[in-house]
Amino acid sequence: MRRFGSQDSLDDLNDRTLVEVIRERYSPENFPWCTGPIRTVVVPSTGPQGSHLKDRVNLPSVMVLDGWGVSQAGDQAWIEAFCAHVTKLDLSHNKLQDWPEINKIVSNTPNLESLNLSYNPLAGLTLEPWCTKAFSGVRSLSLNNTKVSWDTVLLLIQEIPELEELFLSLNGYSSLSVPSVACRSLRLLHITHNSLQDWAEVRKFSSMFPSLQTLVMANNNLASIQDNKDVLQRLFPNLRSINLHNSGLNRWEDVEKLNFFPKLEEVQVQGIPLLQTFTQEERIHLMIAQLPAISWINGSVVTDCEREAAERFFIRYYSVHPEEEQPVRYHSLVTKYGKLEPLAEVDLQPRCCAQVEVHCEDKVQQLTIRLDQTVAGLKKQLRTVVQLSTKSMRLYHIDRTSVSGPEEMKFNTWALHSYSIQDGDQLLVVPKTKRKAGVKLAD
């Protein structure tokens with residue numbers, strides 16, 4: 001089965017029609033079955049010796065034909081026969097560069113709800129109004145990296161009364177005109193990797209799409225959110241999720257303004273200049289503390305415990321900063337919790353070494369020992385110190401803070417940190433041929 005995913009392959013490929021591609025892609029050899037609704041169409045064809053044959057194509061209601069080199073529609077009667085039941089059509093990464101050809105496809109797919117034309121070369125093409133009528137039933141439209149003009153986008157959405165999702169990434173938009181009539185049906189706008197740096201351009205989406213619930217604007221280098229609280233409370237009245245990954249935000253004031261959107265629940269904001277100097281832990285806590293009205297941050301739900309911990313962290317973090325560097329949020333949190341002292345730094349890592357006194361008969365010697373070694377390893381270390389073989393010595397630990405007396409270190413495989421040895425403790429080495437006073441030693 002032929003499929004052409006790379007641009008080089010598409011450039012080398014002869015123009016193909018949608019009809020040709022459907023017959024090849026969904027022939028019984030290439031597509032013997034599918035899940036969901038299926039329609040089988042019998043296609044008459046002529047065999048090698050001129051005999052009349054019949055081909056069958058198994059047609060799903062969701063057609064994925066990305067990267068097949070489609071540049072033309074083909075016979076419209078066959079498109080209607082093949083696509084009458086199709087609800088989702090993916091024609092991304094093809095060679096469509098003519099709106100009348102696209103119109104032939106869409107107008108003969110009467111139940112079409114989702115259309116993906118991404119990565120087709122649509123730059124500089126004029127869309128005549130008569131070509132837009134066929135799009136009226138589409139609910140989801142993808143035009144990513146088509147370089148389609150903004151005027152063409154406006155012409156399309158004005159003719160799609162029930163459009164709910166619009167994908168416009170990688171099209172180079174930097175300034176936007178506003179249509180005379182709003183698109184009240186749109187719920188999701190995905191417009192990443194463009195050049196929308198000025199908040200004045202983003203503000204236009206509010207009047208264009210008053211029912212917008214999800215705005216994905218990652219990688220636009222938005223510099224700041226310039227409106228005040230009163231204005232922001234009226235903008236985007238239905239917005240519930242915003243994605244500002246890799247934007248240019250560099251002030252806490254801009255992040256705090258996200259709290260003012262009346263229904264906003266989810267914020268995604270990573271890779272911004274403001275956060276570059278912080279550790280990962282600091283980024284998480286400081287962002288949660290700055291967004292008290294947001295319940296989902298960077299893909300994770302914020303629990304009540306996490307929020308309280310983050311807000312306390314925020315107070316302690318900024319309490320040591322000069323007053324002119326303390327965000328407005330700091331003072332409101334101090335009102336809530338009071339001024340909090342910085343937490344004491346506690347090293348919870350196990351100690352690796354200890355300074356001890358080694359006693360053997362009349363000898364006393366200071367020694368540094370590794371606590372990650374075993375008792376057997378320590379005995380080997382002590383051989384040159386006490387001049388005894390490992391088999392000839394008994395070893396005792398004397399805790400300088402304990403009154404319970406010496407503890408024999410009987411188990412050669414135990415690590416020394418199991419005995420809680422501290423600096424200043426004593427190690428007593430007793431030859432097995434002698435008895436330590438007060439301790440009965442068995443042979």
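**Strands, rings and one arginine: a dialogue on a predicted model**

Colleague: Strand 16 (residues 353–360) and strand 20 pair in the parallel sense over three bridges. What makes this a pair?

Modeller: Two strands pair if DSSP finds at least two bridges between them. Strands 16 and 20 have three bridges, so they pair. One bridge joins His359 to Leu428 in strand 20. Strands here are DSSP runs of E, at least two residues long, and helices are runs of H or I, at least four long, both numbered from the N terminus.

Colleague: What is the ground for trusting such details?

Modeller: This is a predicted model, so local features need pLDDT of at least 70, side-chain atom pairs count only at pLDDT 80 or more, and totals for chains, interfaces and linings use all residues. Residues are numbered from 1 along each chain as its sequence is written, and side-chain values use heavy atoms, with hydrogens and water left out.

Colleague: What is the average pLDDT?

Modeller: pLDDT is the predictor's confidence in each residue, from 0 to 100. The protein averages 88, and 87% of the residues score at least 70. Over residues 46–54, pLDDT stays under 50. It also stays under 50 over residues 436–443.

Colleague: Which other strand pairs with strand 20, and in what sense?

Modeller: Strand 18 (residues 393–398), in the antiparallel sense, over six bridges. Leu395 has Val429 of strand 20 as its bridge partner.

Colleague: Why is strand 20 called largely enclosed?

Modeller: Buried means under 20% relative accessible area, exposed over 50%, and partly exposed in between (1.4 Å probe, protein chains only). Five of the six residues of strand 20 (residues 426–431) are buried, so the rest of the structure largely encloses this strand.

Colleague: Why are strands 4 and 15 called edges of the open sheet?

Modeller: The sheet has 11 strands in the order 4-6-7-8-9-10-11-12-13-14-15, with mixed pairing. Strand 4 (62–64) and strand 15 (300–301) each have a single partner strand, so one side of each has no neighbour in the sheet. Strand 4 pairs with strand 6 (residues 88–90) in the parallel sense, over three bridges. There, Met63 has Leu89 as its bridge partner.

Colleague: Why is the pair of Phe313 and Tyr317 called stacked?

Modeller: Rings of Phe, Tyr and Trp (its six-membered ring) pair if their centres lie within 6.5 Å; planes under 30 degrees apart count as stacked, over 60 as edge-to-face and the rest as tilted. The centres of Phe313 and Tyr317 are 6.2 Å apart and the planes 20 degrees apart, so the pair is stacked. These two residues are four apart in helix 11 (residues 304–319), about one helical turn.

Colleague: What makes the pair of Tyr317 and Tyr318 edge-to-face?

Modeller: The angle is 75 degrees, at 4.9 Å centre to centre. That is over 60, so edge-to-face applies. Both tyrosines belong to one aromatic cluster with Trp252, Phe278, Phe313 and Phe314.

Colleague: Are Phe313 and Tyr318 buried or partly exposed?

Modeller: Phe313 has 21% relative accessible area, so it is partly exposed. Tyr318 has 5%, so it is buried.

Colleague: Why is Arg329 of helix 12 (residues 328–337) called buried?

Modeller: Its relative accessibility is 11%, under the 20% limit, so Arg329 counts as buried. The Arg329 side chain makes a polar contact with the side chain of Glu311 at 3.1 Å. The term takes a pair of N or O atoms within 3.5 Å; within protein, one must be able to donate a hydrogen and the other to accept it, and residues adjacent in sequence count only if both atoms are side-chain atoms.

Note on methods: Contact means heavy atoms within 4.5 Å.
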